[in-house]
Amino acid sequence: EQIPATLIPGDGIGPEIMDSVTAVLTAAQAPFVWESHKAGLAGIEEYDTPLPQNTLESIRKTGLALKGPLTTPVGGGFKSINVTLRQEFGLYANVRPVKTLIPEGRFSDIDLVVVRENLEGFYAAQEHYLPADGYKEGIATCTGYTTRLESQRIVKFAFDYAMANGRKKVTIVHKANILKKLSGLFLEEARKVAKTYAGKVDFDERIVDACAMQLVINPWNYDVIVTTNLFGDILSDLASGLVGGLGLAPGSNIGTDAAIFEAVHGSAPDIAGKNTANPLALLMAATLMLRHVKHENTAKRIEIAIERVIKDRKALTPDIGGTASTRDMEQALIHFLD
Ligand code: NAI
Ligand code: MG
């Protein structure tokens with residue numbers, strides 16, 4: 001089987017880690033046939049836009065993309081590329097699995113998933129200064145919104161994900177005690193959806209601030225967390241901090257017609273071009289992509305190779321306590337593939 005997919009190497013460390021990731025995927029005989037396209041700074045340099053038309057068309061066609069980190073230019077009035085991609089392709093679910101890979105980290109045996117609503121809330125808000133004539137504005141406003149349909153859709157996604165991945169519990173995270181309408185409506189719909197899964201997947205509820213505290217004290221209490229955009233952004237970064245930080249955190253953005261997979265970290269300009277960046281987060285994103293197209297077996301083989309490289313310790317990059325290069329790690333991953 002051959003599956004056409006869009007490849008966006010990205011900026012900064014993007015191209016070097018993407019090279020390693022595609023080398024491992026090829027060695028593992030992953031089914032993807034890549035269409036490579038530019039975005040971010042690379043897009044601006046060649047096409048004067050961070051999201052060139054041919055990149056968008058490729059994703060529209062393949063419905064599947066592996067994306068390296070993109071540098072969002074400061075100034076110049078460019079809109080966030082990631083937000084634009086989510087809106088353009090209706091990528092309503094942001095899924096971030098958080099799993100302990102390096103046992104001697106802050107915690108061991110953490111295995112949870114944060115499902116974040118990706119299209120609404122404060123990140124889709126209209127912001128204004130008041131008074132509107134602009135002279136010495138004294139007030140800033142932000143009008144975020146929640147819809148019933150989107151709330152149902154994301155919570156249903158979380159429960160279906162739980163069922164498909166053998167997970168036992170979904171925790172609905174909200175702030176309905178204060179944001180009675182914006183967050184209250186989400187909670188109301190979430191409860192309705194949860195009832196339809198009674199007997200199949202358990203559910204409970206947490207207020208977001210309490211959830212943040214408990215994630216730090218007792219992260220093992222969580223399985224799947226589902227929440228709105230802003231809360232999900234913060235909690236998913238918090239959760240990745242529990243297992244060693246951004247260098248090990250993959251994420252996916254899922255819609256009905258397209259899905260984009262990426263590492264959570266950015267383009268790391270401070271170490272770009274030095275052959276020291278850790279390719280594991282992007283490789284883990286690629287395993288999520290393999291599962292998405294139901295190539296469970298290839299995903300599992302790559303995950304086992306990752307575990308072996310970490311256990312062996314000889315080919316770890318500096319960010320996780322080793323001295324190996326990106327290429328060394330790539331070669332070790334290929335060596336450990338069954
Ligand atoms: P960053 O994640 O690029 O870097 C933060 C720190 O982590 C740096 O010290 C970096 O060297 C280190 N780091 C990150 N990834 C690493 C890896 N794979 N291996 C080893 N070390 C790694 O975050 P920062 O510096 O805030 O952002 C840099 C650029 O990336 C900005 O232009 C930002 O807009 C963009 N960015 C893009 C994202 C995306 O496309 N998904 C996400 C986050 C930031
Ligand atoms: Mg974030």
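**Helix packing and a ligand shell**

Modeller: Start with two helices in this predicted model. Helix α10 covers residues 296-312 and helix α11 covers residues 326-335. They pack at an angle of about 120 degrees, and their axes are 8 Å apart.

Colleague: What does that angle make α10 and α11 to each other?

Modeller: Oblique. Angles of 65 to 115 degrees count as roughly perpendicular and those over 145 as roughly antiparallel, so about 120 degrees falls in neither class.

Colleague: Is the crossing of α10 and α11 left-handed or right-handed?

Modeller: Right-handed.

Colleague: Which residues make the contact?

Modeller: From α10, Ala305, Ile306 and Val309. From α11, Met329, Ala332 and Leu333. Six residues of this contact are nonpolar, with no polar and no charged ones.

Colleague: Where does α1 sit relative to α11, and at what angle?

Modeller: Helix α1, residues 14-27, packs against α11 at about 10 degrees. The axes are 9 Å apart. That angle is under 35 degrees, so α1 is roughly parallel to α11.

Colleague: Which residues meet there?

Modeller: On the α1 side, Glu16, Ile17, Ser20, Ala23, Val24 and Ala27. On the α11 side, Thr326, Arg327, Met329, Glu330, Leu333 and Ile334. This contact has seven nonpolar, two polar and three charged residues.

Colleague: Switching helices. How do α5 and α6 cross?

Modeller: At roughly 45 degrees, with axes that come within 9 Å. Helix α5 is residues 148-164, and helix α6 is residues 182-195. That makes α5 oblique to α6. The crossing is right-handed.

Colleague: And which residues are in that contact?

Modeller: α5 brings Arg148, Ser151, Gln152, Val155, Lys156 and Phe159. α6 brings Leu185, Phe186, Glu189, Ala190 and Val193. By type, six are nonpolar, two polar and three charged.

Colleague: Now the ligand. How many residues surround ligand 1?

Modeller: There are 20. The closest are His265, Gly266, Ala268, Asn278 and Asp319.

Colleague: What types of residue are in that shell?

Modeller: Nine are nonpolar, eight polar and three charged.

Colleague: Stepping back, how many helices and strands does the protein have?

Modeller: Eleven helices and twelve strands. The radius of gyration is 20 Å, close to the 20 Å that the globule rule gives for 338 residues, so the protein is as compact as a globular protein of that length.

Colleague: What does the C-alpha trace span?

Modeller: About 55 × 50 × 40 Å along the principal axes.

Methods:
Residues are numbered from 1 along each chain as its sequence is written. Chains are lettered from A and ligands numbered from 1 in the order in which they are written. This is a predicted model: local features need pLDDT of at least 70, side-chain atom pairs count only at pLDDT 80 or more; totals for chains, interfaces and linings use all residues. A residue is near a molecule or strand if its C-beta atom, placed from the backbone, lies within 6 Å of it. Ala, Val, Leu, Ile, Met, Phe, Trp, Tyr, Cys and Pro count as nonpolar, Asp, Glu, Lys and Arg as charged, and the others, Gly among them, as polar. Axes are lines fitted to C-alpha atoms, for helices over the stretch in contact, and angles run from 0 to 180 degrees between N-to-C directions. Helices (H or I, at least four residues) and strands (E, at least two) are DSSP runs, numbered from the N terminus. A crossing is left-handed if the near helix is turned anticlockwise from the far one by less than a right angle, and right-handed if clockwise. Two residues are in contact if their C-beta atoms, placed from the backbone, lie within 7 Å. The radius of gyration is taken over C-alpha atoms; the globule rule is 2.2 Å times the number of residues to the power 0.38.
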